[in-house]
Number of protein chains: 2
Amino acid sequence: MRDVLKKMKASGADYSHSVVVTVSKGIELSSLTTPYEIIAEELGISKNRIVVLSGPTIATEVARGVPTAAAAACLDQDRAERVQRLFEKTNFRIYRNDDPAGVERAAALKNVIAIACGIADGLGFGTNTKSALVTRGLREMIRFGRVWGVKDETFQGVTGLGDLCTTCFSSESRNRGFGERLGKGEKAEEILASMKMVAEGVVTAKSVYQLSKKHGLEMPIVTEVYRVIYEGKAPKDAVKELMSRPLKSE
Amino acid sequence: MRDVLKKMKASGADYSHSVVVTVSKGIELSSLTTPYEIIAEELGISKNRIVVLSGPTIATEVARGVPTAAAAACLDQDRAERVQRLFEKTNFRIYRNDDPAGVERAAALKNVIAIACGIADGLGFGTNTKSALVTRGLREMIRFGRVWGVKDETFQGVTGLGDLCTTCFSSESRNRGFGERLGKGEKAEEILASMKMVAEGVVTAKSVYQLSKKHGLEMPIVTEVYRVIYEGKAPKDAVKELMSRPLKSE
């Protein structure tokens, strides 16, 4: 993405009056920043000209026209509203949101929890297990978001909880699918070598794990996903670890 | 339940030193109270002797031994902890919670959202649709919980969001299944007449709808579920109504 933006800038075009809509998701490992920040930096425009469009929007379902909700997030609410009106149509409902940094972090973090849910699927567990992972995972996401100073509420909206649910429960999610193969006993490197598309959660798990250590945050689910992918821990042992932590209040 | 409790009381047994664990869920239509309150009233014991055990615990999955999380909720945290230690075992993880009234309300309300998700399934919609319903539905549940003065956080824990996810995504949920048949075009009365077990959300939809009108609360999902069940509104029109509300921020 950074390379493409550099080329766009080098073309000599003037972006200072543009509004940029981004649908890319992820966290750059080297800088730990997100697309929205990278766009502002590379194009040299104000962050309040960038609108992040995000939500539980599995592409094949959007194409089928099933009712779908998403959010247009921008520091400038007038621009969020312009994008909202531009993309809104029958069965595609868009909410406004004023926390683009939060929306992007939620979109990246949810992929790590989806890998955990995939592992549970691969081990033959059930909806009970995944629902517990979604609930506790959302709490880890919120805890982590506070490090960046983004809003708790963003994680509870369509671009947070909504996207998390879709990614954890849909059979079409790549990150969940990656986890499922881990749970069935394949090694991370084998799976990655055989995948045509990227499972972004694999890289995100690493950056989030490292940041959680640095900030002394308790992130048990992210930690176990990291260990299974990068330290070859057996998925069954990872689950055992999660289920045998000291009893406590919610 | 009230009848059984009356018989227990009439037997002459002394319950004043008992700790009662309840796993029943629902809202009594005539009094709008929950099992935990009815037990205290009928047995004449203090509410702080009653522990509500709740969570995303589909019975067949618990029987299979898949990792499951639940909560033991009691005003008295020592008693919550006793129950926690009593029921905790491998793959059955119990958290403590101090908001039994909130736990029971969440358990009842989630069934109405599950009916909405079932309707979406019956109409052939996707995970995008259900994830949006879960997210916006949780918000309605929280809004409604405030009328009763229960804690927002309870709705975000395993007995709130966790139970909501299981009930909305599991193929085994009775309330979701009831909604699915509605979505496929069957009439509510026909479905109810053919069901062996109760879909509690049907009654809960009515009491919550009435209370929301009384308190002037905006509860669009509950309202549409009520209209489909009790006013014969076409499920497709109900969805159209939800998707065409004025655009706004989250």
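These are my notebook entries on a predicted model with chains A and B.

**Entry 1. Overall form of chain A**

I began with the secondary structure of chain A, which comes to 13 helices and four strands. I then looked up the extent of the C-alpha trace, and along its principal axes it spans about 55 × 40 × 40 Å. For 250 residues, a compact globule would have a radius of gyration near 18 Å, and the 18 Å of chain A agrees with that. I noted that 58% of the 250 residues of chain A count as buried. The exposed surface of chain A is about 10400 Å², of which carbon and sulfur atoms supply 52%. I also checked how far apart in sequence the contacting residues are. Among contacts in chain A between residues at least 6 apart, 68% join residues at least 24 apart.

**Entry 2. Relation of the two chains**

I next asked what turn lays chain A on chain B. A turn of 180° with a shift of 0.0 Å along the axis does so, with an RMSD of 0.0 Å. This is the relation of a two-fold axis. The same surface serves both copies, since 100% of the contact residues of chain A recur in chain B.

**Entry 3. Nonpolar core**

I looked up the largest nonpolar core and found that it has 121 residues. The residues with the most contacts inside this core are Phe178, Leu182 and Ile229 of chain A, together with B:Phe178, B:Leu182 and B:Ile229. I followed A:Phe178 further, setting aside residues up to four places away in sequence. Its contacts include A:Ile115, A:Ala188, A:Leu192, A:Met195, A:Val202 and A:Ile229.

**Entry 4. Salt bridges**

A search of the whole structure gave 40 salt bridges over all chains. I recorded three pairs and one network.

- A:Lys130 pairs with A:Asp121, with the closest N and O atoms 2.9 Å apart. A:Lys130 is buried, because its relative accessible area of 7% is under the 20% limit.
- A:Lys184 pairs with A:Glu180 at 3.5 Å, N to O. A:Lys184 is exposed, at 58% relative accessible area.
- B:Arg2 pairs with B:Glu28 at 2.8 Å, N to O. B:Arg2 lies in helix H1 (residues 2–10) of chain B and B:Glu28 in the loop between S1 and H2, so the pair ties together parts that are 26 residues apart in sequence. B:Arg2 is buried at 17%, whereas B:Glu28 is partly exposed at 22%.
- In chain A, a network of salt bridges links A:Arg2, A:Lys6, A:Glu28, A:Glu41 and A:Glu42.

**Entry 5. Leu32 in both chains**

I looked for positive phi values outside glycine. A:Leu32 has a phi near 60°, and B:Leu32 likewise has a phi near 60°. A:Leu32 is in the loop between strand S1 (20–22) and helix H2 (35–43) of chain A. B:Leu32 lies in the loop between strand S1 (20–22) and H2 of chain B. I asked whether A:Leu32 is buried or exposed. A:Leu32 is partly exposed, with a relative accessible area of 26%, and B:Leu32 counts as partly exposed at 25%.

**Entry 6. Glu37 of chain B**

I placed B:Glu37 in helix H2 (residues 35–43) of chain B. B:Glu37 is buried, because its relative accessible area of 14% falls under 20%. Which residues are in contact with B:Glu37, leaving aside neighbours within four places in sequence? They are B:Lys47, B:Ala101, B:Glu104 and B:Arg105.

Key. Residues are numbered from 1 along each chain as its sequence is written. Chains are lettered from A and ligands numbered from 1 in the order in which they are written. This is a predicted model: local features need pLDDT of at least 70, side-chain atom pairs count only at pLDDT 80 or more; totals for chains, interfaces and linings use all residues. Side-chain values use heavy atoms; hydrogens and water are left out. Helices (H or I, at least four residues) and strands (E, at least two) are DSSP runs, numbered from the N terminus. Buried means under 20% relative accessible area, exposed over 50%, partly exposed in between (1.4 Å probe, protein chains only). Contact means heavy atoms within 4.5 Å. A nonpolar core is a set of buried Ala, Val, Leu, Ile, Met, Phe, Trp, Tyr and Cys residues joined through side-chain atoms within 4.5 Å. Copies are superposed by least squares on the C-alpha atoms of residues with pLDDT of at least 70 in both. The radius of gyration is taken over C-alpha atoms; the globule rule is 2.2 Å times the number of residues to the power 0.38. Accessible areas come from the Shrake-Rupley method with a 1.4 Å probe; for residues, only the protein chains shown count as cover. A salt bridge is a side-chain nitrogen of Lys or Arg within 4 Å of a carboxyl oxygen of Asp or Glu.
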